[in-house]
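Grab a pencil and open the viewer. Each exercise below gives you a task, and a worked solution follows it.

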Amino acid sequence: MSSSTFILDNGAYTAKAGLSGEAPKLVPNCIMKAKSERRRPFVGNQIEECRDASGLFYILPFQKGYLVNWDIQKTVWDYILSKESCSVNLSQLSVIVTEPVFNFTNIQEAMTEIFFEEYECHSLLRINTAGLSCYNYRAENPATKCCLVVDSGYSFTHIIPYVNDTKMKEGIRRIDVGGKLLTNHLKEIISYRQLHVMDETYVINQVKEDSCFVSQDFFKDMERAKYKLESNSITKDYVLPDYTSLRRGYLKNPEPPNEQQTLRLTNERFAIPEILFHPSDIGIRQMGIPEAIMDSIKACSEEMWPHLLSNILLTGGNAKFPGYRDRVYKEVRSLAPAEYAINVYLPQNPITYAWHGGKKLSQDATFSSLVVTREEYDEEGSSLCFEKFDI
C-alpha cells in the first residue's frame, strides 16, 4: 500500500511532508516570534495567523545546514504530524526522511532514535535529498544511467554525481552559498543604501523571491541598471507590506514617492543571485556553480563525462530564480569539451521534486528491502541503520 508511507523532506528552510497518496505540505522548518504578539510562538505554518510579520525573530533547528537544535526540530515535527497539519500517526507507517550528505553520526543516531522510540514508526529510511531527486529523474528518464544533481538550498549548494543510483563520493562538491546567505546579503545592501532592514528577514526574503533574477550578461546588466528610469528595465519599486491591507509586497514600475513604503531596487536584483556563480564577489573563496559542476564531473571516470553533462538536474529553492537554468547551461557549455552535448533540466517545482522522488521510491518493489523495521531496530539498534543507509 503506497499510502502507508510518510515522506518528510526535512529541509533547513522548508519541510516538505505528506503521505505518499497525497500532495506534500510545505511547512517552514522553524519557530517564529513576532514583535506584535510577544507571548505566542508561531510553529511552521502558524505564521499565517500572525497579524504583523515585520521584525520576526526566527528560532531554527538547523545551523550551517546541519540539525543541531532537537527541541526546536521536535516541536516542528510534532506540529507537522498533528491534526493542524498532516494529521498522521506513524506507528503503522513507513517513514522516508531526508538528511544532508556527510551528515554527522550523532545527528543520524538521534534522528533514528526519535522516529523509532518517540514516534514509534513502523519502518524507516534515511536518505539524501539528492538521492530522491536522482530517483525521480531516472523514473522520468528510464534510459539514463547517470545524473548530476545540483541542489541549491537554504544553507549550501551541493553538486552530487550519481551513476546507477550510486553517488560518486569523490565527485561531491559543496559551495557555502544558499538562500539564507543571499537573503542576509540583500538585507545588508538595502540597509546600507536606503532603509534599515536588518531585523526584517521574513520580508526581505520575500523581496528576494519576488524581485531577483539571474543575469545572462552581468556587466551589460550593470550598465543597464545605470540608465535613466524611462529607459531602464531593471530598476523597480518594491511595495512593502503594511499588514493591514497588504500581507505580501509586490514589484511595480518606479513612480514618484507616495504614501506606500517602497524600496527602490536596481542592480541588487541580479547582483544577489550572482553570488551563486561568483562566491568570491563577497569574499567566499570557492568556485561558483558552473566551475563546481565541471570539477565534480572531472573527478569521475572519463567515460561518465558525456552522460553526466547531458543529465544535469537543478533542484532546491534557488533554482526558482528566473534565468538560473539558462545561465547554468550557458556557462557549463563554455567550460565543457565541445564534443559533448549538454542538457540542464529544471523541474516544474524544484522545491518538491525530491519529495515526489520519495513518493515514487515508496511504490518501488525494492522499497521494503531498503528500510529498517522497528523490530530490526529493537534487536540491532542504530548500527543496522548505518549499514543499510548509504549517507
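What follows is a set of short exercises on this structure, each solved step by step.

A quick note before you start: this is a predicted model, where local features need pLDDT of at least 70, side-chain atom pairs count only at pLDDT 80 or more, and totals for chains, interfaces and linings use all residues. Residues are numbered from 1 along each chain as its sequence is written, and side-chain values use heavy atoms, with hydrogens and water left out.

**Exercise 1. Two helices that cross**

Task: Work out how the axes of helix α4 and helix α5 cross, and which residues meet.

Solution:
- Start by finding the helices: α4 covers residues 179–193 and α5 covers residues 201–211. Helices (H or I, at least four residues) and strands (E, at least two) are DSSP runs, numbered from the N terminus.
- Next, look at the axes, which come within 9 Å and cross at roughly 100°. Axes here are lines fitted to C-alpha atoms, for helices over the stretch in contact, and angles run from 0 to 180 degrees between N-to-C directions.
- Now name the arrangement: α4 and α5 are therefore roughly perpendicular to each other. The classes are roughly parallel under 35 degrees, roughly antiparallel over 145, roughly perpendicular from 65 to 115, and oblique for the rest.
- Then list the contacts (heavy atoms within 4.5 Å). On the α4 side you'll find Gly179, Leu182, Thr183, Leu186, Lys187 and Ile190, and they meet Thr201, Ile204, Asn205, Val207 and Lys208 in α5.
- Finally, sort the residues of this contact: five are nonpolar, four polar and two charged. For the sorting, Ala, Val, Leu, Ile, Met, Phe, Trp, Tyr, Cys and Pro count as nonpolar, Asp, Glu, Lys and Arg as charged, and the others, Gly among them, as polar.

**Exercise 2. Into the core**

Task: Find the largest nonpolar core and the helix that gives the most to it.

Solution:
- First, the terms. A nonpolar core is a set of buried Ala, Val, Leu, Ile, Met, Phe, Trp, Tyr and Cys residues joined through side-chain atoms within 4.5 Å. Buried means under 20% relative accessible area, exposed over 50%, and partly exposed in between (1.4 Å probe, protein chains only).
- The largest core has 110 residues, and Phe6, Ile80, Leu90, Phe115, Ile293 and Tyr324 have the most contacts inside it.
- Helix α1 (residues 70–81) gives the most to this core, with six residues.
- Zoom in on Leu90: leaving out residues up to four places away in sequence, Leu90 touches Phe6, Leu81, Val95, Phe115, Tyr119, Glu120, Cys121 and His122.
- Another core lies apart from the largest one, with 11 residues, including Tyr137, Val149, Ile160 and Tyr353.
- Tyr353 also belongs to the buried residues of helix α11, together with Ala354, Trp355, Gly357, Gly358, Leu361 and Ser362. That makes α11 (residues 353–362) mostly covered, with seven of its 10 residues buried.

**Exercise 3. Rings that pair up**

Task: Decide whether the pairs Phe116–Tyr377 and Phe218–Phe270 are stacked or edge-to-face.

Solution:
- Get the rule first: rings of Phe, Tyr and Trp (its six-membered ring) pair if their centres lie within 6.5 Å, and planes under 30 degrees apart count as stacked, over 60 as edge-to-face and the rest as tilted.
- The whole structure holds 13 aromatic pairs.
- In the pair of Phe116 and Tyr377, the ring centres are 4.5 Å apart and the planes are at 15°, so this pair is stacked. Phe116 sits in helix α2 (residues 105–118) and Tyr377 in helix α13 (residues 374–380), 261 residues apart. Both are buried.
- For Phe218 and Phe270, the centres are 5.5 Å apart and the planes at 80°, so this pair is edge-to-face. Phe218 is in helix α6 (residues 218–224) and Phe270 in helix α7 (residues 268–271), so the pair ties together parts 52 residues apart in sequence.
- Phe218 counts as buried at 17% relative accessibility, and so does Phe270 at 0%.
- One more thing to spot: ring pairs link Trp70, Trp77, Phe115 and Tyr119 into a cluster.

**Exercise 4. Positive phi in two loops**

Task: Where are Asn164 and Tyr243, and is each one buried or partly exposed?

Solution:
- Some background: most residues other than glycine have a negative phi.
- Asn164 has a positive phi, near 50°. Look for Asn164 in the loop between β12 (157–163) and β13 (166–167). With a relative accessible area of 44%, Asn164 is partly exposed.
- Tyr243 has a positive phi too, about 65°. Its place is the loop between β15 (236–239) and β16 (250–252). At 12% relative accessible area, Tyr243 is buried.
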